[in-house]
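Dear colleague,

Please find below the structure that I am handing over to you, with its sequence. My notes on it follow.

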4 protein chains.
Amino acid sequence: MKFNLGCQLKYSLTQLSTLVFNISAINNEYQKVLQSHLQIEPQLVFDEYIEPYAKNQYFRLNAPSGKLEISYQATVELSHFYEKPDAIPEVLPGDLPLDTLHYLYPSRYCQSDKLTRLAQYEFGDLKPGYSRVTAICNWIYDNVSYLSFSSNQNTSAYDTATERVGVCRDFAHLGIAFCRALNIPARFVSAYAYGLNPPDFHACFEAYLGHRWYLFDPSRLVPQNAIIRIGTGRDAADVSFATFFGAVQMEQMRLFVEPVQDPDTTSQDTPAYTSEAIATG
Amino acid sequence: MKFNLGCQLKYSLTQLSTLVFNISAINNEYQKVLQSHLQIEPQLVFDEYIEPYAKNQYFRLNAPSGKLEISYQATVELSHFYEKPDAIPEVLPGDLPLDTLHYLYPSRYCQSDKLTRLAQYEFGDLKPGYSRVTAICNWIYDNVSYLSFSSNQNTSAYDTATERVGVCRDFAHLGIAFCRALNIPARFVSAYAYGLNPPDFHACFEAYLGHRWYLFDPSRLVPQNAIIRIGTGRDAADVSFATFFGAVQMEQMRLFVEPVQDPDTTSQDTPAYTSEAIATG
Amino acid sequence: MKFNLGCQLKYSLTQLSTLVFNISAINNEYQKVLQSHLQIEPQLVFDEYIEPYAKNQYFRLNAPSGKLEISYQATVELSHFYEKPDAIPEVLPGDLPLDTLHYLYPSRYCQSDKLTRLAQYEFGDLKPGYSRVTAICNWIYDNVSYLSFSSNQNTSAYDTATERVGVCRDFAHLGIAFCRALNIPARFVSAYAYGLNPPDFHACFEAYLGHRWYLFDPSRLVPQNAIIRIGTGRDAADVSFATFFGAVQMEQMRLFVEPVQDPDTTSQDTPAYTSEAIATG
Amino acid sequence: MKFNLGCQLKYSLTQLSTLVFNISAINNEYQKVLQSHLQIEPQLVFDEYIEPYAKNQYFRLNAPSGKLEISYQATVELSHFYEKPDAIPEVLPGDLPLDTLHYLYPSRYCQSDKLTRLAQYEFGDLKPGYSRVTAICNWIYDNVSYLSFSSNQNTSAYDTATERVGVCRDFAHLGIAFCRALNIPARFVSAYAYGLNPPDFHACFEAYLGHRWYLFDPSRLVPQNAIIRIGTGRDAADVSFATFFGAVQMEQMRLFVEPVQDPDTTSQDTPAYTSEAIATG
């Protein structure tokens, strides 16, 4: 399935400032970037960096006082790996690839160390496997209210577990924290997503199961097969779409995500909710 | 039912210090202090204070450097009011006595303001009344591990709701916070209790229902009809059994609580778990 | 010095709701209410309650769905007790009136138990007395940014000590917490205040020194002698100007505070910043 | 300068468990491991992993129920880069290598996002450069009490900033959080250190200045030139010396660190406090 997607970001700077962006769709075997275009007004040189483990693409600008406009556009083809949920086991800590271990450790917004007992009470007796992470997502969906503007940049899974309100970012953080508390590696995903209203950057998470990273979205806001990954990290701190050093005011943010019609579209090739498991890495 | 109870507290002071104690059983219509004796070694003058609303008895000493020993002993007769749980409704905020309103507000260890959604999710749909507070206690018993030394003087209901471990004090704080979040006045009770092993000061709580204060103990450690109240307050901060200003080291603490056999004992007159509601104020 | 003051509060209710207000100026020997008028539209019966210790006046309404308008107006004469700051000592815990002790304990928004070392580091070596509380206020003024809308109903002194931003309520909570951490009883004051722009309810605090309650305002937003007390409590949880049970939306809030010109006005009889200590209780 | 160092760790397992260790001295251009020996009793196969960015060495065992003993011993030669503190500037965010950016972001124990204003108040006006990080370390040393067992695995910089008590791990976390709040990349260092009494694993931190990682130790417990690095990470979560999955009880932990006498020792070649800056990466 192919998507056209992108964003237009307008800023006003009152002094020379440094900006770091993470808005490009990643390019890997599950998600091929067929073409992309980045335009910066005024024209500025920038540094690029592809994080070697997760392949997130960052670029950095030193921009002068005045207006700044970033336009990114890409066509991306998703070739997710689909699996039957029942066939996907958890991987024991003794068998995990050693480079997934740091996705077991607590992070700024996912204090799994403080949620261990809660996770055990709610999910400790469930059958290990994909279905247990589904149970985590269902619990979040059932027990946490989705409410725009109910949380802020400081809100963490520890808060959300008790305050029971948040947005997609908070839902993802709580899902990650519960997984880690159960010894399932989990990581944060920032994404473009088809069907969000109003359009915005989306957040969900991946859990490492059956020796793949599978996608989970406890917010249920969009079909999982229409989530185009920008970056993965331990939590939102790693994949902020824009980080500023200086004096920067956002003036406008526009996003778009559209499926590209293909003559040979199959049934899996339309954005649709699915009960199948989708591996993204 | 009558009890002999008391405590022996030994301290070592390295300088002139002030100590405030709240260890005397209160005397009210539900709990009559038949006799009591307080002994202080060395002999010191002390100030006494009975808090007018809750009737807690505090006494304060200014004690010199050296050893200090406090011995308190009393015989107390409990005349609790018993009621069928089904007959006890909640009182609407519009009908609450105005002097109970401050037991609806959040306090240091009972941040009901941050637990509102959790309380609504877990208990919001239950039938109002005594049975809803019982459901709160059952939830705490089922979802929080009782573990000695698992919490400290800073631990609050907000922590316990998520960390799911604590002692009787934490269980009481969480019960209080949930009640307040549902607009049920609730207060902390410090107590002597028959059957604690090892003997220690106990903590439970009271909720205002059916125009009385009813006793609840989510720890289930002792029979409710064998709890002899020392003090009530918003939370543990109000009824610490001992508060020090200076340099004071506890060296020993001994408590005892024993039922006094009476020729005319009825069935309600032995320490026993009961499904009846017990009003204590 | 005399003031005309009052407020007009407009609400929209979508169901029968209970509202508790604490908006009346207290009447005591330092602050005499010469006349007052409370008007409720539609006309409704209400319950009144004067809290016996602090003399706060609460009233409660059960109001039907629809519009509700509360108008309060009063003329108040302040007769504060003035003292030279140098003459005001701290009171040792062993000499404190026993009914001030609970203003030493931590409360919801003033976690003095967690700020003890910080208070000791910053103020522990200062000379005890009124000047030490002044030093606390100066520290808050110098180290915390006053920024409207920077905090919310959950924000506490523990947060403000580290996040270093807040409004008058947060400044007061931090002042109280520091005092208690140094064994100085302190309590929250809600007030009308002359000179706030935009007009709003004000918050400051009182510390118990030299056997009186002295007023402190680390926000420095208004002259201390133009602060007319509504209520005192352990912290903001006790003296919320309006508490709702039901479905209540505020539509408008207007306040006014105006000095009343008197023929025989002396120099102390105009709103003015002063270095003298002002006792209010 | 050369050191012999190592540890002996004894555990008791009540079931088959997985253990991950990070106890090996890293090998890089500043710190050469001349020889090392790892012994495991009973003999078990293990997986090894060298984290590509920081070069931390992890090894993982699946160990059966019973006793387990890990003995690690190495000889390490330090060839630190020394620089005059005055010559070391901060690096502007626009000039930082892009792979250092994630050391600017908040992490589990270093919530720099919540400490921004505090850092600005205390250090914002200081001259940027090495000396500003020294000022941070001095502030921590002067304002936080070092007290064994005063913190636990949940304690974070946010707590330590206010509670003002901790151990070396907490001192390092606070230093890191302050640096990040000032846009200075900083990372946690776990280490062997000569002179700790009792011997234990040590924690300090590195800040990225003048295009190198420089070592800082706000605890002042040991000479900086006698700190042998085990691992670096965002905070303690990344470099725990031992992580368990299963049922593992530590029974004994012994560490040793001894300088190796060399015929051609120069003055920099003895463990000694120094005012020079030491780069370790």
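Two residues are counted here as being in contact when they have heavy atoms within 4.5 Å of each other. On that basis, 31 residues of chain D are in contact with 31 residues of chain A. Please bear in mind throughout that this is a predicted model.

**The pairing of chains D and A**

The interface between chain D and chain A buries about 2,700 Å², and carbon and sulfur atoms give 57% of that area. Three residues, Arg60(D), Leu98(D) and Arg108(D), supply 24% of what chain D buries against chain A, more than any other three residues.

How are the two copies related? Chain D is superposed on chain A by a rotation of 180° with 0.0 Å of shift along the axis, at an RMSD of 0.0 Å. This is the relation of a two-fold axis. Arg108(D) is the residue of chain D that comes closest to the rotation axis, its C-alpha lying at 1.8 Å. The copies meet through the same surface, because 100% of the interface residues of chain D are also interface residues in chain A.

As to polar interactions, 4 salt bridges cross the interface of chain D and chain A. One of them may interest you: Arg108(A) is paired with Asp113(D) in a salt bridge, with the closest N and O atoms 2.8 Å apart. Between chain D and chain A there are also 15 residue pairs in polar contact, both residues being at pLDDT 80 or more.

Which strands of chain D supply at least two residues each to the side that touches chain A? They are β2 (17-21), β4 (46-50), β5 (57-63) and β14 (242-245) of chain D. Of the elements of chain D, β4(D) gives the most to this side, with 3 residues. Sorted by class, the side of chain D that touches chain A has 12 nonpolar, 9 polar and 10 charged residues.

**The pairing of chains C and B**

Chains C and B were examined in the same manner. Here, 31 residues of chain C are in contact with 31 residues of chain B. About 2,700 Å² is buried between chain C and chain B, with 57% of the area coming from carbon and sulfur atoms.

The salt bridges between chain C and chain B number 4. Among them is the salt bridge of Asp113(C) with Arg108(B), in which the closest N and O atoms are 2.8 Å apart. For polar contacts, the interface of chain C and chain B has 15 residue pairs, again with both residues at pLDDT 80 or more.

On the side of chain C that touches chain B, two or more residues each come from β2 (17-21), β4 (46-50), β5 (57-63) and β14 (242-245) of chain C. β4(C) gives the most to that side, with 3 residues. By class, this side of chain C has 12 nonpolar, 9 polar and 10 charged residues.

**Chains that do not touch**

Two further pairs should be mentioned. No contact joins chain A and chain C, and their closest C-alpha atoms lie 11 Å apart. Chain B and chain D likewise have no contact joining them, with closest C-alpha atoms 11 Å apart.

**The fold of a single chain**

Chain A has 4 helices and 16 strands. Its C-alpha trace spans about 55 × 45 × 35 Å along the principal axes. The radius of gyration of chain A is 19 Å, which agrees with the value near 19 Å for a compact globule of 281 residues.

Over all chains, the count of salt bridges comes to 38. Within chain A, the side chains of Glu251(A) and Lys67(A) form one, at 3.0 Å from N to O. Glu251(A) belongs to strand β15 (residues 248-260) and Lys67(A) to strand β6 (residues 66-78) of chain A, so this pair ties together parts that are 184 residues apart in sequence.

**Points of backbone geometry**

Three places deserve a look when you inspect the backbone.

- Glu41(C) and Pro42(C) are joined by a cis peptide bond with omega about 0°; Pro42(C) is in the loop between β3 (31-41) and β4 of chain C.
- The peptide bond from Glu41(D) to Pro42(D) is cis as well, with omega near 5°; Pro42(D) is in the loop between β3 (31-41) and β4 of chain D.
- Phe149(A), a residue other than glycine, has a positive phi, near 65°; Phe149(A) sits in the loop between β8 (145-146) and α3 (157-163) of chain A.

With kind regards

Terms used
Residues numbered from 1 in each chain as written. Chains lettered and ligands numbered in written order. Predicted model: local features only at pLDDT ≥ 70, side-chain atom pairs only at ≥ 80, totals over all residues. Heavy atoms only, no water. Least-squares fit on C-alpha atoms with pLDDT ≥ 70 in both. Buried area = accessible area lost by both parts, 1.4 Å probe. Polar contact = N/O pair within 3.5 Å; in protein donor to acceptor, adjacent residues only side chain to side chain. Nonpolar A, V, L, I, M, F, W, Y, C, P; charged D, E, K, R; others polar. Rg over C-alpha atoms; globule rule 2.2 N^0.38 Å.
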